[in-house]
Amino acid sequence: DVQKSHTFGSMNLMTTDRQKIDSQLFGIDTILSKSLNGKNIKITVSSSGITRAANQAEKLNTNLSNASANAEKVGTTASKGMSNAAQSAEKAAKSTQNFSVGLGSIVGNMLKIQAVNAVINGTTRAIKFAFDEMKNVDTEMVNIRKVTGFTADEMERLERSAYTLASKYGRTASKVLQGGTTFARAGYTDQIEQLSELSLLLQNVGDLQADDAAKFIVATDKAYKLGGSYESLMSIIDGLDNITNKNATDMQKMTDGMTIAGSVFAESGESVEMFAALLGTATANTQRSGSEVARGLRTILMNLRQIRGETEDGELINGESIAAASKALKDYAGISTMEGGQLRKASDVLTELAGKWDDLSETQRAAVSEAVAGKRQANILMALMGDWESVQKMMEEYENAAGTAASENAAYMDS
């Protein structure tokens, strides 16, 4: 009974501590104007608000420490009670059946203590998250304003938009603004919100990191001179998403590859759907990374389009390699890279080569592949030629993909 009395007395003290904590939480909730569920965060950043919130947090931390200390006292008291109860268990069991009732009461109190501690720990984590998020939002807002020179009203509108997008795509506002900073620095001052939304969509459907998604959007937009068009970039994301959903490749490979080689394909007059189909087929059939395949495709393109330079793999595209590629195509497949005194599109040459591939011997195929793609990347050309049907299939999948990414994101958010 004495041990029980101590236990219940400590429990009353814990109740008092909880009341103090609740009061402090209400004050912080008023200052931050947010729900501490980690999802719907609405923070107005101001120096005065941060100062008052910090003062409230300091008071709260004091009460949390007191509560934790009392919880420890309760745990110690209950442990002693358990120990004494165990020592007298044998004697009590012989004289009465009330022992089990008393033991159950003590165990129940122990569980209550654990529950209170869980609430305290969860509350502490939520508060820390709120303060960290507030600081991160403030940092990104400062970064964007430095680059854009936005007015206070424009910054306020951008901040509201960030919270809206964060809720829509299951991200934090600071992460939304982090992407906005990338786009602002790339010169997309008027399209920050739209491009940020595309980045969030790509992260969700493609399981990409924010930095990779932003780099892909910027590189593709500049390569194909889309002017930051939301509709055009959405169409590309839809096409890639549909290809990756129906073939043995993934969004990371596709976006990495397009980021690396998109510009040279665009400058050579190749459509984004053709490049996506070549990239998708080659990554699916070789299971090599998107960056490796993209470098191989770039080498092929440079030889066929007579673009001189040195690749990242050390392959030197010069007059000798270009002549060797043209000679191998002419000698083994009867294909010319020229038509009417003009260079043909690389995709047209590859389409013709694919139609004749089955008629070539293994030796001829190897010679053409090495001459056109180089020794290190020859298997990429062979993978394309051996499965040109997939290239054509992926082009159709790309062209019939409208709304794919939005539908997948809806399913992602419901999961």
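## Overall composition

The protein chain has an accessible surface of about 20400 Å², and carbon and sulfur atoms hold 49% of that area. The model is a predicted one. Its protein chain has 415 residues, of which 47% count as buried.

The secondary structure consists of 18 helices and 4 strands. Among contacts in the protein chain with a separation of 6 or more, 69% are between residues 24 or more positions apart.

## Nonpolar core and the aromatic pair

In soluble globular proteins, nonpolar side chains tend to be buried together. The largest nonpolar core here has 85 residues, and the members that touch the most other members are Phe265, Leu297, Leu353 and Met385. Helix H11 supplies the largest share of this core, with 8 residues.

A pair of aromatic rings is described by the distance of the centres and the angle of the planes. Searching the whole structure gives 1 aromatic pair. The pair is formed by Phe265 and Phe275 and counts as stacked, because the ring centres are 4.2 Å apart and the planes lie at 15°, where the cut-off for stacking is under 30 degrees. Phe265 belongs to helix H10 (residues 251-267) and Phe275 to helix H11 (residues 272-286); the two are 10 residues apart, and the pair links distant parts of the chain.

Both rings belong to buried residues: Phe265 has a relative accessible area of 3%, and Phe275 has a relative accessibility of 0%. Phe265 is thus named twice, as a partner in the stacked pair and as one of the core members with the most contacts to other members.

## Helix H16 and its cover

Helix H16 spans residues 378-385 and is mostly covered, with 6 of its 8 residues buried. The buried residues are Ala378, Ile380, Leu381, Ala383, Leu384 and Met385. Their cover includes H11, helix H12 (290-304), H14, helix H15 (362-373) and helix H17 (388-399).

Which residues does Met385 touch, leaving out those up to four places away in sequence? The list is Leu350, Leu353, Ala354 and Trp357. Leu353 is named with Met385 among the core residues that touch the most other members.

## Salt bridges

Side chains of opposite charge can pair when their charged atoms come close. The structure holds 11 salt bridges. One of them joins Lys168 and Glu197, whose closest N and O atoms are 2.8 Å apart. Lys168 is in helix H5 (residues 152-169) and Glu197 is in helix H7 (residues 192-206), so this bridge ties together parts that are 29 residues apart in sequence. The accessibility of the partners is as follows: Lys168 is partly exposed at 46%, while Glu197 is buried, with a relative accessible area of 14%.

Glu292 and Arg288 also form a salt bridge, with the closest N and O atoms 4.0 Å apart. The cut-off is 4 Å. Glu292 is partly exposed at 29% relative accessibility, whereas Arg288 is buried at 18%; the boundary for buried is under 20%.

Glu352 and Lys356 meet in a salt bridge with an N to O distance of 3.4 Å. Both residues lie in helix H14 (residues 346-356), 4 residues apart, about one turn of the helix. An α-helix has 3.6 residues a turn, so residues three or four places apart point the same way. Glu352 is partly exposed, with a relative accessible area of 26%, and Lys356 is partly exposed at 28%. The bridge is part of a network of salt bridges linking Arg344, Glu352 and Lys356.

## Surroundings of Ser174

Ser174 lies in helix H6 (residues 173-185). Is Ser174 buried or exposed? Its relative accessible area is 8%, so Ser174 counts as buried.

The side chain of Ser174 has a polar contact of 2.8 Å with the side chain of Glu133. Another polar contact, of 3.2 Å, joins the side chains of Ser174 and Thr172. When residues up to four places away in sequence are not counted, Ser174 touches Glu133, Asn136, Val137 and Glu140. Glu133 therefore appears both as a polar partner of the Ser174 side chain and in this contact list, where a contact means heavy atoms within 4.5 Å.

Technical notes
Residues are numbered from 1 along each chain as its sequence is written. This is a predicted model: local features need pLDDT of at least 70, side-chain atom pairs count only at pLDDT 80 or more; totals for chains, interfaces and linings use all residues. Side-chain values use heavy atoms; hydrogens and water are left out. Rings of Phe, Tyr and Trp (its six-membered ring) pair if their centres lie within 6.5 Å; planes under 30 degrees apart count as stacked, over 60 as edge-to-face and the rest as tilted. Buried means under 20% relative accessible area, exposed over 50%, partly exposed in between (1.4 Å probe, protein chains only). A nonpolar core is a set of buried Ala, Val, Leu, Ile, Met, Phe, Trp, Tyr and Cys residues joined through side-chain atoms within 4.5 Å. A salt bridge is a side-chain nitrogen of Lys or Arg within 4 Å of a carboxyl oxygen of Asp or Glu. A polar contact is a pair of N or O atoms within 3.5 Å; within protein, one must be able to donate a hydrogen and the other to accept it, and residues adjacent in sequence count only if both atoms are side-chain atoms. Accessible areas come from the Shrake-Rupley method with a 1.4 Å probe; for residues, only the protein chains shown count as cover.
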